[in-house]
Amino acid sequence: MDRRRFVKKIFAASILTPFLFEPKTGAEETGGELYLISDEPQRQLGILLQTLSTQGLILSPRTFFKSPHPQAGELGRVLAGWRPSFSDGAAGISFRHLDAASRPSFTLVRCGRVVDPRRLGLSSLWNEMQSADPATGLTIVSFKNPASEIRPGTFAAISHDGKKIDRFSLDCERSLTYPVRGGHLIVGIERGGVRVKSSPCRHQVCVSSSPALYAGERIICAPNRFLVEIEGKSFIDTLTG
Amino acid sequence: MKRNSYLSAVLPLLLLSAGGCSRRELWHSSTLLFFDTVCDLTLACSDREFEIAQKEVERIFEEIQSSFSPGADSLDSPLALELFRKAKKIYADTEGSFDISVEPLAEIWGFRGERHRVPSDQEVAEARKNVGLDKATEEGGRIVRPETMKFDWGGIGKGFGVDLAYRALAARGIQNGFINAGGDLYCWGTNPEGVPWKIGIKHPRRRGFLGTLAITGLGAATSGDYQRFFEENGVSYHHIFDPKTGYPARGKQSVTVVGPEATVCDALSTALFVSSQPEKILIRYPEYGAVIVSRDGRVYSIGKKYHLALIS
């Protein structure tokens with residue numbers, strides 16, 4: 001099915017439209033929603049979330065129930081990352097009953113845009129659902145934008161020669177001095193994060209590094225085997241660059 | 001009713017986690033200092049196995065570090081010959097955009113000495129006479145090169161170390177993990193959440209990330225103008241030289257390469273950074289893909305498409 005027809009169909013169905021344009025309440029920063037029209041969501045939701053996660057479109061397949069769901073038991077069994085209550089970075093599942101039965105389908109809206117299922121490699125699931133009986137259950141999975149998961153940390157750790165030598169809070173501005181080969185290395189804690197203010201090393205790579213503020217960010221002074229790292233769980237596993 | 005559904009949902013999970021514990025495979029991480037950078041090792045294995053694995057990775061990195069550090073490179077060890085062959089092939093495939101013989105350039109620009117400096121045009125021309133890997137060959141089990149030629153293994157050595165370390169760990173039966181040597185990495189199996197590894201790509205100009213890759217069984221590496229640089233008279237000079245001009249390559253801010261071998265990712269990230277036709281290079285490497293940030297900050301990907309989510 002071509003993309004234009006797919007989008008037209010979804011919006012023309014007028015079933016999803018009220019949800020798509022529903023004003024967001026609270027401070028929840030949603031990166032998107034997955035709308036699944038199906039009376040047996042346990043048959044599709046596991047593969048859908050796993051695929052979206054594999055493709056980097058959502059943070060992880062972890063989920064929790066925001067509101068009671070008629071198939072909660074079955075869904076709990078098939079969702080690998082299911083948790084009974086809210087956990088950080090997890091997607092929230094809610095349920096609505098549709099007044100009129102509609103053809104089973106799924107729609108991903110990401111950052112305000114509808115994503116074509118072909119792009120997700122889910123054409124076969126889509127086709128299979130198109131031939132099923134009309135359904136009245138709408139399962140909505142709301143997930144966060146990866147960018148909103150980048151948060152400033154609250155503690156930083158200092159390692160020297162591979163050993164952790166200090167840990168401090170980022171909430172008050174000050175300077176800390178550490179003895180290193182050939183002199184002292186001064187670490188500054190400022191509103192914008194932690195930075196290396198001065199170092200006796202040759203090329204001053206650490207001093208010219210941008211301040212570290214977010215969980216997982218680091219400043220390295222390789223000649224001194226000195227490492228400043230912001231503590232906390234990052235939404236990525238590791239970093240290149 | 002509610003309680004029933006809750007229980008039926010939780011029970012299988014409890015059983016699953018109990019099954020997981022019986023194998024005593026847990027996630028372990030450690031930070032190692034090699035190659036003038038921080039190396040991260042994260043593996044799913046037993047405590048004992050992790051201890052052995054870490055020692056093995058340290059041994060491999062130590063060997064790579066001593067065999068390929070500037071000025072101290074050996075020319076007849078099996079390891080040096082193996083990496084030389086790889087470097088020479090990539091040199092040919094990239095029409096000289098990747099060249100390990102750029103060491104004289106790194107020296108005159110002060111990336112080896114006490115101070116960074118901008119050399120004169122004449123100095124650059126002089127140093128360039130000693131650049132060109134086609135002048136080095138393998139003869140009788142050793143690398144033969146002109147006396148004035150020097151190698152900078154920095155654009156391929158870390159990736160090579162990561163590949164060797166991965167092979168050693170895979171041979172020990174470790175099925176999930178990653179090794180990251182200062183941004184040159186290889187990841188395999190799944191992450192602790194049971195899905196592919198999420199790799200952040202550092203933004204070349206801003207704090208935070210350009211995007212994330214969701215990959216497994218693959219390597220990745222990045223070359224960027226922000227990694228090592230100095231400023232003189234308001235102009236910034238970085239460490240990735242165009243072997244054909246002798247000056248820092250100016251066309252891009254960063255290049256991240258993803259593909260089956262970390263060694264190749266490492267070298268290709270430099271080659272694609274330098275080359276004015278990176279798409280042409282990747283035709284020879286159909287299993288590799290790249291995310292490029294152009295000089296004006298435009299982000300685009302070329303070659304094989306991997307799961308990339310850009311952060312707006």
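Here a biologist asks a modeller how the descriptions of this predicted model are justified.

Biologist: Let's start with chain B as a whole. What makes chain B as compact as a globular protein of its length?

Modeller: Chain B holds eight helices and 15 strands. Its radius of gyration is 22 Å, close to the 20 Å that the globule rule gives for 312 residues, so chain B counts as that compact. Along the principal axes, the C-alpha atoms of chain B fill a box of roughly 85 × 45 × 40 Å.

Biologist: On to the helices. Why are α6(B) and α7(B) called roughly antiparallel?

Modeller: Helix α6 of chain B covers residues 157–171 and helix α7 of chain B covers residues 262–274; their axes cross at roughly 165 degrees and come within 7 Å. Angles over 145 degrees count as roughly antiparallel, and that is why α6(B) is described this way relative to α7(B). The crossing in which α6(B) passes α7(B) is right-handed.

Biologist: How do you know which residues make that contact between α6(B) and α7(B)?

Modeller: The criterion is C-beta atoms, placed from the backbone, that lie within 7 Å. On α6(B), the contact is made by B:K158, B:G159, B:F160, B:V162 and B:D163, and on α7(B) by B:A262, B:T263, B:C265, B:D266 and B:A267. Sorted by class, this contact has five nonpolar, two polar and three charged residues.

Biologist: And what makes α2(B) and α6(B) roughly antiparallel?

Modeller: Helix α2 of chain B spans residues 47–68, and its axis crosses that of α6(B) at roughly 150 degrees, coming within 9 Å. With the cut-off at over 145 degrees, α2(B) and α6(B) are therefore roughly antiparallel to each other. This crossing, too, is right-handed, with α2(B) passing α6(B).

Biologist: Which residues of α2(B) and α6(B) meet?

Modeller: From α2(B) come B:A53, B:E56, B:V57, B:I60, B:F61, B:I64 and B:F68, which meet B:G157, B:F160, B:G161, B:L164, B:A165, B:A168 and B:L169 of α6(B). The classes in this contact are eleven nonpolar, two polar and one charged.

Biologist: What angle do α3(B) and α7(B) make?

Modeller: Helix α3 of chain B, residues 78–93, crosses α7(B) at roughly 40 degrees, and their axes come within 11 Å. Angles under 35 degrees count as roughly parallel and 65 to 115 as roughly perpendicular, with oblique for the rest. The crossing of α3(B) and α7(B) is right-handed. B:K86, B:A87 and B:I90 of α3(B) meet B:T263, B:V264, B:A267, B:L268 and B:A271 of α7(B). In that contact, six residues are nonpolar, one is polar and one is charged.

Biologist: Now the sheets. What makes β1 and β14 of chain B edge strands?

Modeller: Chain B has an open sheet of eight strands, ordered β1-β2-β5-β6-β9-β12-β13-β14, with antiparallel pairing. β1 (26–34) and β14 (299–303) each pair on one side only, and they are the edge strands. On average, neighbouring strands in this sheet are turned by 15 degrees against each other, direction ignored.

Biologist: How do you know that β2(B) and β5(B) pair?

Modeller: Pairing takes at least two bridges, and five bridges join β2 (residues 37–45) to β5 (residues 177–181) in chain B, with the strands running antiparallel. B:C39 stands opposite B:A181 in β5(B).

Biologist: Which helices pack on this sheet?

Modeller: α6(B) does, touching β2, β5, β6 and β9 of chain B, and its direction makes about 25 degrees with that of β6(B). α7(B) packs there as well, touching β6, β9, β12 and β13, with its direction at about 155 degrees to that of β12(B).

Biologist: What lies between β10(B) and β11(B) in their hairpin?

Modeller: Two residues lie between them, and B:N233 in the turn has a positive phi of about 50 degrees. The strands, residues 229–232 and 235–238, pair in the antiparallel sense over four bridges. B:F230 has B:Y237 as its bridge partner in β11(B).

Biologist: Finally, what is the strand order of the four-stranded open sheet in chain A?

Modeller: The order is β8-β7-β13-β12, and the pairing is antiparallel. Its edge strands are β8 (163–169) and β12 (218–221), as each pairs on one side only. β12(A) pairs with β13(A), residues 226–230, over four bridges, and A:R218 has A:E229 as its bridge partner in β13(A).

How values were computed:
Residues numbered from 1 in each chain as written. Chains lettered and ligands numbered in written order. Predicted model: local features only at pLDDT ≥ 70, side-chain atom pairs only at ≥ 80, totals over all residues. Axes fitted to C-alpha atoms, helices over the stretch in contact; angles between N-to-C directions. Left-handed = near helix turned anticlockwise from the far one by under 90°. Contact = placed C-beta atoms within 7 Å. Nonpolar A, V, L, I, M, F, W, Y, C, P; charged D, E, K, R; others polar. Rg over C-alpha atoms; globule rule 2.2 N^0.38 Å.
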